[in-house]
Structures are given as C-alpha cells and as structure tokens.
Amino acid sequence: MSLVRTEQLTKTFGALTAVNGVTLEVEEGSLHSVIGPNGAGKTTFFNLLTGQHAPTSGRIIFDGRDIAGTPPHRIAHLGIARSFQRTSIFPTLSILDNVWLAAFARQESWRGLGWRRADRYPELTRRALGVLGEVGLDEKAGLPARAISHGEQRQLELAIALAAAPRLLLLDEPAAGLSPDETRKMVALVQKLKRRYTILLIEHKIDVVMTMSDRISVMHFGSVIAEGSPAEIQRNAEVRRAYLGGIAAP
Amino acid sequence: MIRQWLAVLIAVVLLPVFVRHAIAAEIWIFAIFGLGLNLLMGYTGLLSFGQATFFGSAAYVAGYLLKYYGINVFLALGIGILVGALSAAVVGYLCVQRSGLYFIMLTFALNQMFYFTAYQWTTVTGGEDGMPGVPRPDVLGLDIHPPLAYYAAVAVLFLASLWIMQRIVESPLGKILQAIRENEPRAEALGYDVARMKLAAFVVGGAFSGLAGVLYAMLFGIVPLEAIGFVFSGNVVFATLIGGSGSLYGPVIGSFVFIWLSESVSAMWARWPLLLGMAFVIVVLFFRGGVVEAWARFWAWRAAPRAPAAQTDVPR
C-alpha cells in the first residue's frame, strides 16, 4: 500500500522547471530516499508535498485524497511533518517549547487555547520530553534553542518533526553541515525511526543513503531518472553518469 | 512572578501619593493600551502603527452613548471593548494579508482613514474640537467623580487587564504567537494558521485598546481628536519600546516613564520630548528590551561582575 503517491507533479518558476513530471510512490512503512545533484529539484519537490508551494500541475495523493495545493498548516494536520534543510527552529523559545508547540498543533481539540497555562498540559509535556529523550536533548529542555550547538539544533529540528506524530516524515538532509561524528549519531537516530514512520529522505551522503534506504529515486534537472533498490541504483549506468560518477565502483 | 505582582500592587497603591491623581489614572490607562499593543508588537512581532484606531473608535462610540443616552458605566466599558475588538478585527483582517513594511504602512494608512472620518464627521465627533461632555456615571451607586475614586476604579481594571494578559501570554496562544514572531514558515508548517493567529492577536489587542479608550474619555470628560490620531499610535509604540517590548511588564513601565515625563516634566521644561528622544536612542542602541532588559542586566552584572548578560525572553 502506498501512503503517498505523486502523479506527473510539475512546478515551474517562470522559465525554470524545478520539478518536471515527477511520478513517485512511497510505500507505507518504508524509507524512501531521493538523491540527486544540487539543484535537481529535491527540496522543491518536498515543498510541494508540504504545501509551501502549490504545484503547477499534477497530483499528490496522500492516503487516498488529492492534497495538491493545500496550505501548509492543513497539510500538517493530515499527518505530514518535515524537517528543514536549513535549520528552522524558534531560537529564543526553550527547547521544550519548540517541541511542545509541534505536539500541541496536532491536538484533536485546542481547548484552553487562550486561557489555560501552557505548562498545565501534562500529557503534551510528557510527550514532548519523550521525543527530546529520543534525540538526546531531554537534559537541555529548558535552554533557549539558540544556545545549543549546530549539531544539537539539527537534532532539535528532527525532534520538532517527530513531536507532530506524523504518518509521513519528510527529512530534508538531516545531516547537513554535521561533523563525521555528529553524522554517525544522526544516522543511528534515523535508523531507529525506520519502520516506525514512513520516511521520505533527501540526503547527499551516498553511503548513508545506500545502507539505510528501501528504495531510492534519483532526480536530475527536475525529473526522476531512475528508481529502484540501492543495489539497482548502484548498477544503473545513467545514474552513475549523472550523479555518482567516480564514487561508485564500476 | 509573585514578586512582580507585589511590586505592581505597591506601585498601584503608592502612585497617587506622589503623582497627581488624574495623571496616575492616565498612567494605568496608557498601560492597558500598551498591554494590547505589546501582544501584537512584542509577542507576535507585528509592529502596528495604528493602535489609536481602536482606542479612538471605542472612545467615540462609548463616549457618544454615555453623553446622549446616559448608558451605565459597565455597558460603556463593554461596548468600548467590543468596538475596540471589532475595529481591530476589520483592520487586522486587511493588514495580516501583508507583512513587513507593507503591514506597517497598512496599519498606518487605515489609522489615517479613521482619523479623517472623525475629523470630518463633526456632527458626531465634534471634529477638531473633540467630543466634550462625556459623563462619568456612578458605579453601583458609588460616585467616581473624585479623582482618587476614579483612580481606584482604573487601578482595579488595570490589574484585571494585567492578569488577563498574563494568562494569555502564558497560554498556548501566547506561545504560538511567539513562535510566529520567531519563525513564521515553521509555525505554519507545524499546523498553525498564521493569518488567523495574527488576527486573534489583533482582536485581543483591540479589546484592550478599546477598554483604555473608554477610560480615557471618562477621565478627561472629552474625546479629543488626537485620541484617534497617528501621534497617539506612535506614542504607545514609543512607550512600549522604552519599557520593554516582548515582556509582560514592559508596557507598564514604559507607560509610567512616558506619561510621567510628558505630564510632570513638560510643566517645567517645554522641550521635554528631547528627554524622550534621548531615552529612545539609548534603548535602541543598548537595550533593545527596554527598561526591563536594562534592569535584568543590571542585576546579572551585580550578581556576577564579569559574567555575560542575562538571557531574557526579549527578541533581539
């Protein structure tokens, strides 16, 4: 069963076609990676899925309904959460509040919205702390988000996405700008999330993608030029020409 | 928290001892006005340059009804709050469609429209002469004409306003508004309808402005044209920035500084706005969080002379 499926998804900005007729299917419970050189349209593709951009044409079928063009705040309520390539957090709010806000947004009812004290939602606070524990930030919960290192902010970025209890998790280069050591930690983290969430992953570090993914789609100039299992992608001549080049052994 | 409230209570009790009662009342009225703006400017990051729209509209409508229909004081306050909230809903709906400079200009332009409407509609508003003869009816049989009695009534409403605002900024809504201030696209991606949340901030801010407007009209017995003018909008921004935008007590302190300077020092020195200007420059250059931040930094410096400045919840 596919959880999300795009059909001939296209996005143009003026004369530039950033995403060109992408048809892609993500199986429920799988980890599906999208790779491709810089400027291939991967992040734009994500922005279409999460409603940041409305597609020029094509359909996005999530859980059986077409969600193309739905604004981001509605898409979040359908159960699609994302992490951003460039860290996108609430710098002066506490780490706990960063995650708490993600959890609150997905509440069935927003009772007490303007009146109940935010620290009087024990269930939500417990959940937020649980997610922080998962990424290893629970001990820093009270610090403002701007006070932690870049690596920790990347973990917070992921925690914010997880706190929304998503059905589909979109991770846009979770290891961007991380040191080798931090990258290993992040990979272990994503590895742990595999199977618990349906994950669509953009990543540049090929070795990471090859070891973790169930399926890989390769984008080049806005189009998907190949799709398959890691082994199939590694053998694909066109992919090697477009992207892997010298990295993959012949 | 308890210490701050204690300080506010002491200030409320002691102020009329040192300051003329009418001025003391004006300080808390202006503080209520500032609380409303602060929710927009300090917490949501929306610099509204048109708060006098809501203040003035409420003052005119409630003042008119008080003057010609002799409505009771609770009804007048309720109507003022309602008019403030409604006018803010209309203005806010239009303004939240845009952001940044365009947002600010829209709040300003709409303020000017309300101003010139009041200016032209002389049969109701009295135009440039203002609307005199706003009565101050009894409260449950109590005469609030003596300045101290009116001060007490204003002080009670101010304390209630401060308490309500504290509840709002500590609620999920308060956190959501701060999240929007910090990072709007992220707040939207989390599932918050940013435009609606901003509108909510407008409506709440407008309600506070409306309450302040009615109290102002009853304080001076007149709704002057300035009450809906852009200078008034600017003054409340000014006062809130000096006190500390983005912290609950900022506008309260700012209102005290602003009204006290303008009412006391102006009697001795006609060039008093120079002082305000200097205070403003100092705030902008050194203490973006206003008096509240300066105070926190002073204590942090006292506690640990060489430690870095204290972290406050003020946006930089």
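How many residues does the contact take from chain B and from chain A? I looked this up first and found 23 residues from chain B and 27 residues from chain A, where contact means C-beta atoms, placed from the backbone, within 7 Å.

A note to self on the source: this is a predicted model, where local features need pLDDT of at least 70, side-chain atom pairs count only at pLDDT 80 or more, and totals for chains, interfaces and linings use all residues. Residues are numbered from 1 along each chain as its sequence is written, while chains are lettered from A and ligands numbered from 1 in written order.

Next I checked the side of chain B that touches chain A. Helix 8 of chain B gives the most, with 7 residues (helices are DSSP runs of H or I, at least four residues, numbered from the N terminus).

Then I looked at the largest nonpolar core, and it has 170 residues. Such a core is a set of buried Ala, Val, Leu, Ile, Met, Phe, Trp, Tyr and Cys residues joined through C-beta atoms within 7 Å; buried means 20 or more other C-beta atoms within 10 Å of the residue's own. Helix 10 (residues 194–220) of chain B gives the most to this core, with 16 residues. Domain 1 (1–79 + 166–250) and domain 2 (90–164) of chain A both give residues, so the core lies between them; the bounds come from an automatic or database domain assignment.

I also picked out A:A159, one of the residues with the most contacts inside the core. Leaving out residues up to four places away in sequence, A:A159 touches A:V99, A:V131, A:L132, A:V135 and A:L137.

Terms used
Contact = placed C-beta atoms within 7 Å. Helix = DSSP H or I, 4+ residues; strand = E, 2+ residues; numbered from the N terminus. Buried ≥ 20, exposed ≤ 12 C-beta atoms within 10 Å, placed from the backbone.
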